[in-house]
Amino acid sequence: MKKYILILLLFLSCLTFAFEKNVTAKTNTITFSNKQVMKTWFYPYRDPAGKVAANAIRSLQGFTINAKKDIYVSYATDDKTTYGYIYHYYSTGKLVKKSTRLVIGHGQAISNYKGSIYVVADISGKKNYQIYKIDEKTLRVKQSWILPSNIHPNVLYMHNEREASVVSKVTEGYHINRITLTGKQAVLDTKKRIVVKGLVGTTVKKPVQGFTYEKGLYYILSDGQYGVVDAKGNLKRVALQTKREPEGIGFVNGKMVMAFNNLNELFKQK
């Protein structure tokens, strides 16, 4: 009899632990102005409570999702201008691998294509930014290209292994530039430039927080809003209806995914 009681107590203890674990991973929802509902997908890395050493800080800045639905999250360190890390997660939220410290700047310009992660290294004060090609499995840099000095892109989307779209904020709005990666240079094709008149966002500086491309449309993310842009540069805004700072936008199986800072939380469209 005592044996069965001990087994029952052990089972209840495990059940209580599982319940407490699920409670800490709270599920949230956000409803955008277009009635689009976003629900918590998972929580990636968060700095532990209390004081964290400057070089140990992980500030979520962007993410990209590959064909296997694996997620690669970019984190900046304390200064958010020079060093960063890339973490690889399964779609369940399980951490697979961490990169070594990388010289990738702010780290929000991140994309992927067929086994490789691409990141714009936007190092503060540099005349030219660079694009790094990083192996998905090892998270090590395999190749790099120098970007033209007349563009300082905030975000990146890889259409294939050689062609990419990058966004730069300008006075009148945005330039969505098309570049080709060739040799050691990234060549700008001004004929394919899309000029977007008007900015997206609700905060004063209207920072570019994320960018992606889905079914012929470009998506530019800022604080409080995202903008949908067609091939002619026409812009439609959608309000996020939350004060949380967004950090990246993407799609998986046609469903929008968006990350938010502070709690480092990834949401997926219901």
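# Briefing: strands, loops and a pocket

Leu-147 touches Val-120, Asn-128, Tyr-129, Gln-130, Ile-131, Pro-153, Ile-179 and Ala-186, leaving out residues up to four places away in sequence. This residue belongs to a predicted model. Two open sheets are described below, one of 4 strands and one of 5 strands. Two hairpins, two buried loop residues and the largest pocket follow.

**Leu-147, a loop residue**

- Leu-147 sits in the loop that runs between β10 (141-146) and β11.
- Its relative accessible area is 0%, and buried means under 20%, so Leu-147 counts as buried.
- Lys-169 is 22 residues from Leu-147 along the chain, and 16 Å separates their C-alpha atoms.
- One of the residues Leu-147 touches is Ile-179. Strand β13 covers residues 173-182.

**Thr-77, a second loop residue**

- Thr-77 is found in the loop between β4 (71-76) and β5 (84-89).
- Thr-77 has a relative accessible area of 3%; the cut-off for buried is under 20%, so this residue is buried too.
- The side chain of Thr-77 reaches a backbone oxygen, that of Tyr-83, at 3.2 Å.
- Beyond its neighbours within four places in sequence, Thr-77 is in contact with Ala-54, Asn-55, Ile-57, Arg-58, Tyr-83 and Tyr-85.
- Tyr-83 therefore appears both in the contact list of Thr-77 and as the owner of the oxygen that its side chain reaches.

**The sheet of 4 strands**

- Strands of a sheet pair through backbone hydrogen bonds, in either a parallel or an antiparallel way.
- Here the order is β15-β16-β17-β18, the sheet is open, and the pairing is antiparallel.
- β15 (210-214) and β18 (235-239) are the edge strands; each has a single partner, so one side of each lacks a neighbour in the sheet.
- From one strand to the next, the twist averages 20°.
- Inside the sheet, β16 (residues 217-222) and β17 (residues 225-229) pair over 5 bridges, in the antiparallel sense.
- Ser-222 has Gln-225, in β17, as its bridge partner.

**The sheet of 5 strands**

- This open sheet has the order β1-β2-β21-β20-β19, again with antiparallel pairing.
- At the edges stand β1 (29-31) and β19, each paired on one side only.
- The twist here averages 30° from one strand to the next.
- β2 (residues 37-42) and β21 (residues 265-269) run antiparallel and are joined by 4 bridges.
- Phe-42 has Leu-266, in β21, as its bridge partner.

**Two hairpins around β12**

- β11 leads to β12 in a hairpin, through 4 residues.
- β11 and β12 (residues 163-170) pair in the antiparallel sense over 4 bridges.
- Met-158 has its bridge partner in β12, namely Ala-164.
- β12 also forms a hairpin with β13, with 2 residues between them.
- The antiparallel pairing of β12 with β13 (residues 173-182) covers 8 bridges.
- Across that pair, Arg-178 in β13 stands opposite Ser-165.

**The largest pocket**

- The largest pocket holds about 630 Å³ of space.
- Its lining comprises 33 residues; Thr-64, Ile-65, Asn-66, Asn-112 and Phe-251 lie nearest the centre.
- β3 (59-65), β7 (110-113), β11 (155-158), β15 and β19 (246-252) are the elements that each give two or more residues to this lining.
- Among them, β15 is an edge strand of the sheet of 4 strands, and β19 is an edge strand of the sheet of 5 strands.
- β11, another contributor to the lining, is joined to β12 by a hairpin.

Definitions and conventions:
Residues numbered from 1 in each chain as written. Predicted model: local features only at pLDDT ≥ 70, side-chain atom pairs only at ≥ 80, totals over all residues. Heavy atoms only, no water. Pairing = 2+ DSSP bridges. Axes fitted to C-alpha atoms, helices over the stretch in contact; angles between N-to-C directions. Buried < 20%, exposed > 50% of the residue type's maximum accessible area, 1.4 Å probe, protein only. Polar contact = N/O pair within 3.5 Å; in protein donor to acceptor, adjacent residues only side chain to side chain. Contact = heavy atoms within 4.5 Å. 1 Å grid on protein atoms, 1.4 Å probe; cavity = no way out; pocket = protein on both sides within 12 Å on 5 of 7 lines; lining within 4 Å. Points joined across faces, edges and corners; volume = space filled by probe spheres on them.
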